[in-house]
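Open the model in your viewer and keep the selection tool at hand. This tour goes stop by stop, saying what to select and what is there.

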Amino acid sequence: KTAYEIMPSLVGSEMCIRDRIFQAAELQRKPSEMQLARTDLGAILQTLEPGWRELLDRRGVALQLGIENELPEILSDARRLEPMLGGLIDRVSRGLPPGSRLLLLLQPAGARLKLQLQVRSQASSTAADDAADIELIDTDLVDTEPVDKEQVGTVLSWDPSTGSLQLSQDATRQLMASLGGRYQARRKRDLTVFFPVASAHT
């Protein structure tokens with residue numbers, strides 16, 4: 001890969017995390033009331049998919065998008081949600097070995113929509129895995145930073161395996177909460193975010 005091929009994704013990632021760091025710091029300094037509106041999350045994912053796919057292709061990672069039909073709108077802030085979703089894609093995919101697959105799944109879950117990011121390694125990409133791709137395992141929830149990551153202040157964590165700074169779990173959870181989402185990290189890289197469905201009178 002040439003520097004011209006790699007630079008756009010690096011610059012985009014740096015700008016994305018810089019924006020999220022600023023938002024997280026602002027939330028901690030001055031918590032604000034949520035001003036959420038009806039948001040078509042499925043449409044956002046489909047709009048952003050080509051850019052994410054291009055980034056992941058450079059990393060040798062395949063993106064698989066699964067969105068159920070006729071999903072209701074959620075309550076969120078589309079303008080702030082888009083870069084946050086890009087940050088989650090970058091967080092989960094950074095450092096993955098070539099040949100991995102990143103599954104991005106959106107489906108109903110009662111009065112919420114469930115957004116899942118799941119990693120499948122090349123070795124585990126079997127028919128049995130494909131059949132289980134939409135299953136959620138709740139026994140792997142984690143509330144703190146993985147042991148291989150070091151906390152840097154109240155907002156950032158350092159990942160020695162990729163040599164990158166990321167938002168800490170607490171900061172990510174707080175940012176997602178400000179967007180109406182309930183963020184749940186899982187073992188390894190998988191994560192889930194629940195968003196409230198907009199009512200008919202919203």
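**Stop 1: charged pairs**

Select Arg 94 and Asp 90: they form a salt bridge, with the closest N and O atoms 3.0 Å apart. Bear in mind that this is a predicted model. Now add Arg 59 to the selection. Arg 59, Asp 90 and Arg 94 are linked in a network of salt bridges. Is Asp 90 buried or exposed? Asp 90 is buried, because its relative accessible area is 11%, and buried means under 20%.

How many salt bridges does a search of the whole structure find? The search finds seven. Two other pairs are worth a visit.

Select Glu 73 and Arg 38. Their salt bridge brings the closest N and O atoms to 2.7 Å apart. Arg 38 belongs to strand E1 (residues 37-39), while Glu 73 sits in the loop between strand E2 (62-67) and strand E3 (74-76), so the pair ties together parts that are 35 residues apart in sequence. Glu 73 counts as partly exposed, at 29% relative accessibility. Arg 38 is partly exposed too, with a relative accessible area of 36%.

Next, pick Arg 58 and Glu 54. Here the side chains meet in a salt bridge of 2.8 Å, N to O. Both residues lie in helix H2, four residues apart, which is about one turn of the helix. Arg 58 is partly exposed, with a relative accessible area of 22%. Glu 54 is partly exposed as well, at 43% relative accessibility.

**Stop 2: a buried arginine**

Go to helix H3 and select Arg 91, which lies there. Arg 91 is buried, because its relative accessible area is 10%, under the 20% cut-off. What does its side chain meet? Show Thr 172: a polar contact of 3.3 Å joins the side chains of Arg 91 and Thr 172.

**Stop 3: the nonpolar core**

Select Leu 85, Leu 102 and Leu 117. These are the residues with the most contacts inside the largest nonpolar core, which has 33 residues. Colour the elements that each supply at least two residues of this core. The helices are H2 (41-58), H3 (78-93) and H5 (169-178). The strands are E4 (101-109), E5 (112-120), E10 (182-186) and E11 (191-196). In soluble globular proteins, nonpolar side chains tend to be buried together.

Stay on Leu 85. Which residues is Leu 85 in contact with, leaving aside its neighbours within four places in sequence? They are Leu 41, Ile 44, Leu 45, Trp 52 and Leu 115.

**Stop 4: strand E11 and its partners**

Select E11. Five of its six residues are buried, so this strand is mostly covered. Add E5: six bridges join E5 to E11, and the two run antiparallel. Then add E10, which pairs with E11 in the antiparallel sense over four bridges.

Now zoom in on Phe 194 in E11. Lys 114 stands opposite Phe 194. Arg 182 also has Phe 194 as its bridge partner.

**Stop 5: where to be careful**

Colour the chain by pLDDT. The mean for the chain is 75, and 60% of its residues reach 70 or more. Select residues 1-15, where pLDDT stays under 50 and the model has nine contacts beyond four places in sequence. Then select residues 131-148. Here too the pLDDT is below 50, and the stretch has 43 contacts in the model beyond near neighbours in sequence. Where pLDDT is low, the predicted coordinates should not be read in detail.

Conventions: Residues are numbered from 1 along each chain as its sequence is written. This is a predicted model: local features need pLDDT of at least 70, side-chain atom pairs count only at pLDDT 80 or more; totals for chains, interfaces and linings use all residues. Side-chain values use heavy atoms; hydrogens and water are left out. A nonpolar core is a set of buried Ala, Val, Leu, Ile, Met, Phe, Trp, Tyr and Cys residues joined through side-chain atoms within 4.5 Å. Buried means under 20% relative accessible area, exposed over 50%, partly exposed in between (1.4 Å probe, protein chains only). Contact means heavy atoms within 4.5 Å. A polar contact is a pair of N or O atoms within 3.5 Å; within protein, one must be able to donate a hydrogen and the other to accept it, and residues adjacent in sequence count only if both atoms are side-chain atoms. A salt bridge is a side-chain nitrogen of Lys or Arg within 4 Å of a carboxyl oxygen of Asp or Glu. pLDDT is the predictor's confidence in each residue, from 0 to 100. Two strands pair if DSSP finds at least two bridges between them.
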